[in-house]
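Biologist: Mind walking me through this model? I'd like the working behind each answer, not just the answer.

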Amino acid sequence: MTSRRSKVAPQYDVIVVGSGAGGGMAAYQLSVQGLKVLLLEAGRDYDPVTETPMFQTPKDAPLRGSGNADKPFGFYDATVDGGWRVPGEPFTTAPGSQFQWWRARMLGGRTNHWGRISLRMGPYDFKPKSRDGLGEDWPMTYETMAPYYDKTELLIGVYGGEEDLENTPRSSPGVLQPPPAARTYELLTKQACDHLKIPCIPAHRAVLTQRQDSARLPQKLHPGNPLAQRVLRQSMNQRMACFYATDCGRGCSIKANFQSTTVLLPPAMATGNVTLITDAMVREVTVDKDGRASGVHYIDKLTRVDHHVTAKVVVLAASACETSRIMLNSRSALFPNGIANGSGVVGKYLMDTVGAGLSAQIPRLEGLPPINEDGTAGIHMYMPWWLYGEQAAGRMNFARGYHIEFGGGRGMPGPGIFGGLESFTGGAYGRKFKEEARRYYGSFMYFDGRGEMIPNEDSYCEIDPVAVDQWGIPVLRFHWKWSEHEINQAAHMHKTFAEIIDRMGGKVQGTVQTDGSKAIATGGSIIHEVGTVRMGSDPKKSVLNEFGQAWEVKNLFVTDGATFVSNADKNPTLSILALAWRSCDYLVDELKKGNL
Amino acid sequence: MSDETKPTSGIARRDALKVMAAAAVVPMLPESAAAAPAPAPASREPLPLLDEPQRPVRRKGPRGTPSDPVLQVAKADWPMKLSLRELTTLSALCDMIIPADAKSPSASAVGAPGYINEWASRPGGDASLVRVRGGLAWLDRESQARFGTRFHLATNAQRTAICDDICYLPKAKPEHQFAAQFFDTIRDQTATAFYTTPQGWKDLGYIGNVAIPKFEGPSAAVRKQIGVE
């Protein structure tokens, strides 16, 4: 991959801002369809093939690899220049609001470190308001999106099972890769869930359990497009299947899991149609006298020089809140409240995922013989939401569902292992300590709920009236409030976890909260922030149409999580990718028709 | 394993180091030099144009900053603060917590005291350093008072007598509260040090971090043992 600075501005068809899930997919889809793309990334160039610390152990790292403020998820986490803070790029929160904002400043963005959990939104998830009167409906249905989910899963590679449950749709036959076998603790959990009538099924994650069929898939995904087929075949041939070692959060040098930098950007660059500029911090979309987007201003972070580049179309995919920030900072005589923001909706209806967790110790997992449980370094099983009927019947005190992710077992011993063991052993030390460590190792588990948050008027971002970052760009100020739906849901998560743990014969660690406000994670901390530039069918209540095209500026598109109308409990990345693909198909079509 | 793992807190260690390094190179002018008349200003080269990069700009690869460290080869790069005397006492305590047995070596044999020194000396770790140093000093004084010898020179039975008093905070006497906190800290850190080594992995039976062609899940025997078959 090359990164260049433009000396003279060439005429591009499309400027894509951001290289993560939404931007990477846009760069790929637009370039394989022959458009000239300028891809701008605010972080540095990054190459997972040479930079990923595969097989490095905690002992090889400072402080045994434990996290710090600069590397919050541990020394080996892939995130560059990011985490809960970005050097020189602050944000603010309004009085009384708590919000955390995870960012990454690197090619591929957060796709380099994410959990790879890839769950489809279901039929209910696209029409939530029609079901229970809350929030807003999406402008399209699941049936419209299903083919794009299929294609996206084939493109990136997703493992999963064949279950077809209520609002947990199955993929078309032959789309998914085989799921990995369940581990000991996953088998035990499933046994308990079977008794409790909670479905426990193979998880869907963007990890290859076998190599992709590079002879067949490129033609299936890009019929009649030899360029697309050639670059995709080449890219698929470079991807290996998972070898069941090293944490996905570090990235993957063998390209077995999905990250934009291993799956989308290499074929995009191979088309010869993409010019990539890294360290390019976009601050504003410019408009011409007719109110059309004319280009963007970006600051080259290494020289601090401000540049202006132009194109026929601008696609924003800077991450949900960063995209809002760019739009709100793009003020002009025609758009005094920010570009395409006549509705006033830009920045509004910010959502995260509801999170609550509980840990446990499971005696039946004590003293097992050595077993390699690394697996795909992520979940093999999970529990989708199962109480739709109860909610429809009005028997629940919260409106939307959650799924359960869980882990534990005989993972790689790292920093902090056996911290707190003294409460099990009465303070053992010496030979007794070693015996107890052997006994308890692998017997600890955790359960995490991931639930739907309903968009509300009190959760949004806006431009801080005073603060700017080191590039002189006004920063975001966040407002945040949970509703009773989320608070009650968090309490229900704890109750469920306790029932599962009890059924397994385990002991809950910590407190089972009946007050959900004591269980719920801080807004933003689950790193599923979406919304703020939502799509819709009414230009007065939304910013974009169903293709991510701005109602007021027809050559301005958004393809990241900002477009989300609701935030189902399904982790957002897969949907961002599928929506971005659909937006690009429409964009190319409109451009060909001369409509943009 | 979760979608997003839990964060841990810490500090911008290299930021702190930079400040320390900058402070260290401020020259101390001797009195006579300070008193000497100032030399005439020399003619200067014009300042470089600020719009141009002053050296070739590196756009690829890690930049070696705290938020973008080189991940492939990395070691603690801060000065170690514990003295040899302190490390001697610490080694004896680490080996009381994790002694050698038939299955694996002792904590000191795999470098646990060195790791604890790294941890306690880290920039921003002042509270940890106070706890470790204060605890080690207490340990030697306690041993001296009870047995007339420093902790590492005491017999195993004598060391055990002291450790028994401080090994479990909820049961420690009021006068042993600090020592029990200290012991708990050292036990946690010794376990971190020991069980992150190849010897520690082997002791626990961790056999992962190796490439395998297929993931098969537990054997029938293990499934039977946990009661799922």
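What follows is a run of questions and answers on chain A, its cores, its contacts and its sheets.

Biologist: What sort of model is this, and how are things numbered?

Modeller: Residues are numbered from 1 along each chain as its sequence is written, while chains are lettered from A and ligands numbered from 1 in the order in which they are written. This is a predicted model, where local features need pLDDT of at least 70, side-chain atom pairs count only at pLDDT 80 or more, and totals for chains, interfaces and linings use all residues.

Biologist: Which radius of gyration does chain A have, and why does that agree with a compact globule?

Modeller: The radius is taken over C-alpha atoms, and the globule rule is 2.2 Å times the number of residues to the power 0.38. Chain A has 596 residues, so a compact globule would come out near 25 Å, and the chain agrees with that at 24 Å.

Biologist: What percentage of chain A is buried?

Modeller: A residue is buried with 20 or more other C-beta atoms within 10 Å of its own, exposed with 12 or fewer, and partly exposed in between, with C-beta atoms placed from the backbone. Of the 596 residues in chain A, the buried share is 61%.

Biologist: Which helix gives the most to the largest nonpolar core?

Modeller: A nonpolar core is a set of buried Ala, Val, Leu, Ile, Met, Phe, Trp, Tyr and Cys residues joined through C-beta atoms within 7 Å. The largest one has 160 residues, and A:Ile15, A:Val17, A:Ala27 and A:Val315 touch the most other members. Helices (H or I, at least four residues) and strands (E, at least two) are DSSP runs numbered from the N terminus. With ten residues, the top contributor is helix H16 (residues 573–592) of chain A.

Biologist: How many residues of chain B are in contact with chain A?

Modeller: Two residues are in contact if their C-beta atoms, placed from the backbone, lie within 7 Å. On that basis 88 residues of chain A meet chain B, and the number on the chain B side is 67.

Biologist: Which element gives the most to the side of chain A that touches chain B?

Modeller: Elements giving two or more residues there are helix H6 (184–196), strand E12 (402–408), helix H14 (431–440) and strand E13 (444–451) of chain A. With five residues, the one that gives the most is H14(A).

Biologist: In the four-stranded open sheet, which residue is the bridge partner of A:Tyr402?

Modeller: That sheet has the order E12-E13-E10-E16 (chain A), with antiparallel pairing; strands pair if DSSP finds at least two bridges between them. E12(A) and E13(A) are joined by seven bridges. In E13(A), the partner of A:Tyr402 is A:Gly451.

Biologist: At what angle to E10(A) does helix H15 run?

Modeller: Axes are lines fitted to C-alpha atoms, for helices over the stretch in contact, and angles run from 0 to 180 degrees between N-to-C directions. Helix H15 (residues 484–503) of chain A lies across strand E10 (354–361), E12, E13 and E16 of chain A, and its angle to E10(A) is about 20 degrees.

Biologist: And in the three-stranded open sheet, which residue stands opposite A:Cys461?

Modeller: The order there is E3-E15-E14 (chain A), with mixed pairing. E14(A) and strand E15 (residues 474–479) of chain A run antiparallel, joined by five bridges. Opposite A:Cys461, in E15(A), stands A:Phe478.
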